[in-house]
Amino acid sequence: MSAIQEKVVLITGASGGIGAAAARLLARRGAKVVLGARRTHQLEALAEEITAAGGTASFQRLDVTYRPDVEAFAEFALEQHDRIDVLVNAAGVMPVSPLWTRKIDEWELMIDVNLRGVLLGIAAVLPTMQEQGWGHIVNVAPVPAHGVSPNSAVYCGTQYAVDAISEGLRQEHAGRVRVTVVRPDVSEDHNTLADRIAACCTFERMVTRRRIAVPPDAVARSIAGAIEGGSISAPRRQAWRPKPAEHAAF
């Protein structure tokens, strides 16, 4: 039996792209997926598709930047399934532009969705995972592990912050809560990532890059592989040595 079978998996950003692809694949492998995003009509269609294929899916409207929404999302999952095994933080935005253009509203959006959204998700599920004694948080951070490209300083900054938060979380809960960072290239299905790019040359580079980018289904397989990679068990008594949070890169 797959290690994913019967796991309760919460997925943010599930209305499209990587989040939707992960939901389909995990449901096919036996997970009970709980879908969250702002576009409820797309969530409803995806949940119906999964259910029609024999899977288990439920959904709730979710704005990852709004704390009551995120907390309600976790509560909804508990009401449906009595536990939370995995959280996949797949929501993200990328309206990149040169710093000199001072697109401060867009900076705030990236900070709110890409960083605040991850923190709120962690905060919402962590008490349940601590009480259970197990859990797995998968953070999707589409940027190379090290490096910044022109016009993407703020975006890359949010992703580096997610990396630091993931590592801190892993160290604080080693042996009880598993933490994985999945680092795909920009997905070919993420059309919205380039829609708000201010610099023309950057937009053209993004469109070109999407033509050769990793498809969402491939990223979903990496997420599934991380979840299947092992389960949390009680740690043996031994000298504690930190090790980096797991990374799955493309």
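Student: Which residues does Val 125 touch, leaving out those up to four places away in sequence?

Tutor: In this predicted model, Val 125 touches Leu 10, Ala 74, Ile 84, Leu 87 and Ile 137, once residues up to four places away in sequence are left out. Val 125 is also among the residues with the most contacts inside the largest nonpolar core, a set of 35 residues, and it shares that listing with Leu 10, Val 34, Ile 84 and Ile 137. Two or more residues of this core come from each of strand 1, helix 3, helix 4, helix 5 (153-172) and strand 6 (177-183), and helix 4 gives the most, with ten residues.

Student: How many residues are in the other core that lies apart from this one?

Tutor: That other core has 34 residues, including Ile 11, Leu 25, Ala 27 and Ala 224.

Student: How should I read helix 3, and which of its residues are buried?

Tutor: A general idea helps here: an α-helix has 3.6 residues a turn, so residues three or four places apart point the same way. In this structure, helix 3 covers residues 67-81, and its 15 residues reach 21 Å from the first C-alpha to the last, close to the 21 Å expected at 1.5 Å a residue. Its buried residues are Asp 69, Val 70, Phe 73, Ala 74, Phe 76, Ala 77, Leu 78 and His 81, and what covers them includes strand 1 (8-12), strand 2 (32-37), strand 3 (56-61) and helix 4 (104-132). Just after helix 3, Asp 82 takes a positive phi of about 70 degrees.

Student: Where do salt bridges involve the residues of helix 3, for instance Glu 71 and Arg 67?

Tutor: As a general point, side chains of opposite charge can pair when their charged atoms come close. The side chains of Glu 71 and Arg 67 meet in a salt bridge at 2.8 Å, N to O; because they are four residues apart in helix 3, about one helical turn separates them. Glu 71 is partly exposed, with a relative accessible area of 37%. Asp 69 forms a salt bridge with Arg 61 at 3.4 Å, N to O, and here Asp 69 is buried at 17%, whereas Arg 61 counts as partly exposed at 42% relative accessibility.

Student: Which parts of the chain does the pair of Lys 32 and Glu 6 link?

Tutor: The salt bridge between the side chains of Lys 32 and Glu 6, at 3.2 Å, N to O, links distant parts of the chain, with Lys 32 in strand 2 and Glu 6 in the segment before strand 1, 26 residues apart. Lys 32 counts as partly exposed at 21% relative accessibility, and Glu 6 counts as partly exposed at 37%. A search of the whole structure finds eight salt bridges.

Terms used
Residues are numbered from 1 along each chain as its sequence is written. This is a predicted model: local features need pLDDT of at least 70, side-chain atom pairs count only at pLDDT 80 or more; totals for chains, interfaces and linings use all residues. Side-chain values use heavy atoms; hydrogens and water are left out. The expected span of a helix is 1.5 Å times one less than its number of residues. Buried means under 20% relative accessible area, exposed over 50%, partly exposed in between (1.4 Å probe, protein chains only). Contact means heavy atoms within 4.5 Å. A nonpolar core is a set of buried Ala, Val, Leu, Ile, Met, Phe, Trp, Tyr and Cys residues joined through side-chain atoms within 4.5 Å. A salt bridge is a side-chain nitrogen of Lys or Arg within 4 Å of a carboxyl oxygen of Asp or Glu.
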